[in-house]
Amino acid sequence: MEDGWEGLASATVTDIREVITAREDTDRLCLRVFGSEDGAKLLAWLRQTIIEHPVCVPGSDPSFGYYREGQCSVVRDLEARIKRSKKL
């Protein structure tokens, strides 16, 4: 990989089908991992401990809110991928 801005040109996707295939493969992987009984329990635990708690509380450092929102985004992304893979 090249350093600097030059490296971005080599990472440019020229065929959208590659991106779609990679996304669908990752979606299916999430379904396989979290589709089992144990995986569903883990996903429920992630939702309960991360999403169902306040992102930010009054008086806390604002950067904590950004950190917490990032955590929530990861769990929501997993849930969206699982839902999307069920439609494939």
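Aspartate 77 is partly exposed, with 37% of its relative area accessible (buried means under 20% relative accessible area, exposed over 50%, and partly exposed in between, using a 1.4 Å probe and protein chains only). Through salt bridges with shared partners, Asp77 belongs to one network with Asp27, Arg81 and Arg84. This is a predicted model, so local features need pLDDT of at least 70 and side-chain atom pairs count only at pLDDT 80 or more, while totals for chains, interfaces and linings use all residues. Residues are numbered from 1 along each chain as its sequence is written, and side-chain values use heavy atoms, with hydrogens and water left out.

**Salt bridges around arginine 81**

- Side chains of opposite charge can pair when their charged atoms come close.
- A salt bridge here is a side-chain nitrogen of Lys or Arg within 4 Å of a carboxyl oxygen of Asp or Glu, and the count by that rule is eight.
- Arginine 81 pairs up with aspartate 77, with 3.0 Å between the closest N and O atoms.
- Those two sit four residues apart in helix 4, about one turn of the helix (helices are DSSP runs of H or I with at least four residues, numbered from the N terminus).
- Arginine 81 itself counts as buried, because its relative accessibility is 17%.
- Arginine 81 also has a salt bridge to aspartate 27, at 2.9 Å from N to O.
- Since aspartate 27 is in helix 2 and arginine 81 in helix 4, this pair ties together parts that lie 54 residues apart in sequence.
- Both ends of that bridge, aspartate 27 and arginine 81, are buried.

**The pair within helix 2**

- Arginine 28 and aspartate 25 make a salt bridge as well, with an N to O distance of 3.8 Å.
- Both belong to helix 2 (residues 16-34), where they are three residues apart, or about one turn of the helix.
- Arginine 28 counts as partly exposed because its relative accessibility is 35%.
- Aspartate 25 gets that label too, since its value is 42%.

**Serine 85**

- You'll find serine 85 in helix 4, which covers residues 62-85.
- Serine 85 is buried, as its relative accessible area is just 6%.
- Leaving aside residues up to four places away in sequence, serine 85 touches Asp27, Arg28 and Leu31 (a contact means heavy atoms within 4.5 Å).
- Two of those neighbours have come up already: Asp27 bridges to arginine 81, and Arg28 bridges to aspartate 25.
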